[in-house]
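The exercises below ask you to work from the coordinates to a reasoned statement, one step at a time. Please try each task on the structure before reading its solution.

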Amino acid sequence: MLSFAAFVPAHPILLPSLCREQRTCLEATLKALQEVQHHFNASNTESVVVISYPKKLNNAYGMRFTQTVQGNLKDFGDFSIHSTHVSDYVLGYTMKEAVHA
């Protein structure tokens, strides 16, 4: 069952480690993101589905079926952020099968 959904901007300029000098221009967006974070934390969500638009796929969406997902911000100049998350690949496979049923 879907317990939480949000459309949020995903731009590196929102990260304090990258654009500290532009924080005043982003105050409303940052406040809204904090509210989304509060509601997300309160929802006790077990799995997260991130839908993004990778330019490499030419107007299509892709789904990763891996046991872990890793990310960093090296391309944006922040070498301090690196994260690894366990993937719910069973949920992804179930969604794929439902689409093709």
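**Exercise 1.** Determine where Met 63 is found, and decide whether Met 63 is buried, partly exposed or exposed.

*Solution.* In this predicted model, Met 63 is found in the loop between helix 1 and strand 1. The relative accessible area of Met 63 is 40%, and because partly exposed covers the range between under 20% (buried) and over 50% (exposed), Met 63 counts as partly exposed. As a last step, look at the surface around it: Met 63 joins Val 49, Ile 51 and Met 95 in making a nonpolar surface patch of about 380 Å².

**Exercise 2.** Describe the backbone of Asn 44 by the sign of its phi, and then give its place and its exposure.

*Solution.* Phi of Asn 44 is near 50°, which is a positive value in a residue other than glycine. Most residues other than glycine have a negative phi. Asn 44 is placed in the loop between helix 1 (27-42) and strand 1 (68-73), and with 64% relative accessibility it counts as exposed.

**Exercise 3.** Search the whole structure for aromatic pairs, and work out which parts of the chain are tied together.

*Solution.* The search of the whole structure finds one aromatic pair. Its members are Phe 4 and Phe 40, with 5.5 Å centre to centre and 70° between the planes; because planes over 60 degrees apart count as edge-to-face, the pair is assigned to that class. Phe 4 lies in the segment before helix 1 and Phe 40 in helix 1, so the pair ties together parts that are 36 residues apart in sequence. Phe 4 is partly exposed at 25% relative accessible area, and Phe 40 is partly exposed at 30%.

How values were computed:
Residues numbered from 1 in each chain as written. Predicted model: local features only at pLDDT ≥ 70, side-chain atom pairs only at ≥ 80, totals over all residues. Heavy atoms only, no water. Helix = DSSP H or I, 4+ residues; strand = E, 2+ residues; numbered from the N terminus. Buried < 20%, exposed > 50% of the residue type's maximum accessible area, 1.4 Å probe, protein only. Patch = residues over 30% accessible without salt bridge, like charges linked within 9 Å, V, L, I, M, F, W, Y side chains within 5 Å. Areas by Shrake-Rupley, 256 points an atom, 1.4 Å probe, with all protein chains shown as cover. Salt bridge = Lys/Arg side-chain N within 4 Å of Asp/Glu carboxyl O. Phe/Tyr/Trp six-rings, centres within 6.5 Å; stacked < 30°, edge-to-face > 60°.
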